[in-house]
Amino acid sequence: MITIPFHHIVSLWEEAKLKAASINQSVLISYTKKIEQLDPVHFFQKSEQFFEGQRFFWSNPDHSHMMVGAGVTVEFTADGEDDRYHAIETQWKRFIEQAVRNKDTHSVGPVMYGGFSFDPKKEKTKLWDQFADALFILPTFMLTKVEGNTYITVNYLSDCDESVLKELVSMEEELLSGSSIKHVNTTSIVKCLEMDPMEWKESISKVTEKITDGQMDKVVLARELRVLFQDKVNVAPVLENLMEEQANSYLFTVERGTDCFLGATPEQLVKKQGTKVQSMCLAGSIARGESVEEDAQLGSALLTDEKNMHEHDLVVQMIRASLEKVCENVRTPSEPNLYKMKHIQHLHTPVTAESTDDCSLSDLIKLLHPTPALGGFPQEISLQTIREVERLDRGWYAGPLGWMDWKEDGEFVVAIRSGLLQEREASLFAGCGIVGDSDPESEYQETQIKFRPMLSALGGNSTQ
């Protein structure tokens with residue numbers, strides 16, 4: 001085990017105190033060290049003893065980039081601001097510019113992780129009290145697994161005292177030790193409560209009338225499933241189940257005290273690495289088959305289905321048009337392919353582009369969110385329709401969730417196939433794209449399929 005030398009931590013702390021005195025504000029110290037291989041899920045579980053309710057987890061679909069955060073050194077928030085994306089980025093940029101870091105961090109360093117609510121203008125309920133419209137966390141400890149290497153990062157502030165530094169080193173030794181952890185199982189589901197299913201189906205009929213009248217092309221309507229458990233839900237086994245069951249998905253977890261938002265989403269919103277920009281169009285869905293032959297037949301039917309192809313094309317057009325405002329060489333293939341999950345398959349079109357020098361990650365998020373896959377088209381009238389028709393408080397469901405590093409690069413996903421855990425209860429969310437010829441019963445059945453990943457990870461099934 002490679003631990004962080006105490007004299008290095010003290011050295012950076014003393015340098016930061018001098019800097020803090022000169023600018024009259026607290027300064028971040030961030031120390032990163034390459035360590036031996038360590039299972040990120042093990043680290044997530046281990047960190048609960050010091051930082052219960054203050055952890056996050058992130059993994060891309062092939063697990064080549066995984067991050068676990070524990071503790072809260074700094075929070076960045078923006079409530080209800082029209083330009084919350086730039087507000088967060090500005091706070092981060094000012095903070096990180098003054099930071100003191102060790103010089104051998106390679107590409108790994110301090111990262112803020114968090115998300116945005118789907119729509120800050122939507123009337124709020126108490127369901128999402130712990131999650132601001134924009135909330136990002138700089139963790140005290142962060143484990144990063146990237147390109148086959150593993151790193152530990154410790155983030156602390158210049159205004160701490162030496163006893164805090166000694167405590168950090170002690171915690172770090174325990175977190176990186178190979179000592180075992182108690183295995184915990186998922187609890188039993190007692191009941192699943194559908195929130196107003198008949199009213200939801202009726203709202204689809206109302207919306208299809210507006211679409212037929214030419215007021216809009218598409219709107220996405222979501223609904224909620226409330227799940228009751230025998231005991232308090234432990235996050236770790238749910239996360240392990242998602243890792244095992246949801247290949248081709250981004251995994252995410254954000255704890256806020258006794259609440260935890262987590263999920264396994266297939267949908268990337270945007271990734272920026274230098275000038276390279278990636279996004280994807282994911283819209284149009286059908287179930288997986290019971291056999292290889294049936295699965296192929298369903299996939300073929302999806303690729304030739306007029307309703308789904310139209311829904312998908314709206315997303316492609318919007319994402320292309322949005323990126324072309326700030327990027328060059330925006331490229332998409334001429335036809336979608338199939339993106340297969342465990343229970344569902346989607347129409348998928350990858351997008352690549354090159355950003356201009358003055359284009360930031362927050363610019364890209366602001367332009368892309370919400371895509372027609374999560375809001376509708378045109379954007380403003382579809383959002384207004386959702387505010388009027390949906391009884392659900394989406395909160396962070398279907399919002400942008402991800403991370404930004406010290407170089408202002410990062411990656412954001414669309415937080416679907418997700419749930420909000422609250423001790424012995426959970427709210428699960430699923431939505432469907434409604435177009436002119438949408439059938440309420442078919443859309444309802446599609447949401448049932450979309451509930452399955454989280455229900456299964458929680459130890460239940462779609463028929464409970």
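Before I come to the details, one term: when I speak of helices and strands, I mean DSSP runs, helices of at least four residues and strands of at least two, numbered from the N terminus. Please also keep in mind throughout that what we are looking at is a predicted model.

Let me start with the backbone. As a general background, most peptide bonds are trans, and most residues other than glycine have a negative phi. Against that background, I would like to show you two peptide bonds and two residues.

The peptide bond between His369 and Pro370 is cis, with omega at about -10°, and Pro370 itself sits in the loop that runs between helix 10, residues 361–368, and strand 19, residues 376–377. On the other side of strand 19 we come to Pro378, which lies in the loop between that strand and helix 11, residues 379–389, and here too the bond is cis, joining Phe377 and Pro378 with an omega of about -5°.

Now to the two residues with positive phi. Asp196 is not a glycine, yet its phi is about 55°; you will find Asp196 in the loop between strand 10, residues 189–194, and helix 6, residues 197–212. Is Asp196 buried, partly exposed or exposed? Its relative accessibility is 35%, and therefore Asp196 counts as partly exposed, since that class covers what lies between under 20% for buried and over 50% for exposed. Glu423, which is likewise a residue other than glycine, has a positive phi near 60° and belongs to the loop between strand 22, residues 418–422, and strand 23, residues 425–434. With a relative accessible area of 40%, Glu423 is partly exposed as well.

Let me turn from the backbone to the cavities. How many cavities of 30 Å³ or more are there? The count comes to four, and the largest of them has a volume of about 190 Å³. Its lining is made of 21 residues, and those nearest the centre are Ala373, Ile416, Arg417, Gly431 and Lys450. Strand 23, which we met beside Glu423, gives the largest share of this lining, namely five residues, while strand 11, strand 15 and helix 12 are also among the elements that each supply at least two. Sorted by class, the lining has ten nonpolar, six charged and five polar residues.

The second largest cavity has a volume of about 50 Å³, and the residues that line it include Gln54, Phe56, Ile137 and Glu255. Strand 2, residues 55–59, and strand 3, residues 65–70, are the elements that give two or more residues to that lining, which divides into five nonpolar, three polar and two charged residues.

Conventions:
Residues are numbered from 1 along each chain as its sequence is written. This is a predicted model: local features need pLDDT of at least 70, side-chain atom pairs count only at pLDDT 80 or more; totals for chains, interfaces and linings use all residues. Side-chain values use heavy atoms; hydrogens and water are left out. Buried means under 20% relative accessible area, exposed over 50%, partly exposed in between (1.4 Å probe, protein chains only). On a 1 Å grid over the protein atoms alone, a cavity is a set of points where a 1.4 Å probe fits but cannot get out, and a pocket is an open set with protein on both sides within 12 Å along at least five of seven lines; lining residues have an atom within 4 Å of a point. Grid points are joined across faces, edges and corners, and a volume is the space filled by probe spheres set on the points. Ala, Val, Leu, Ile, Met, Phe, Trp, Tyr, Cys and Pro count as nonpolar, Asp, Glu, Lys and Arg as charged, and the others, Gly among them, as polar.
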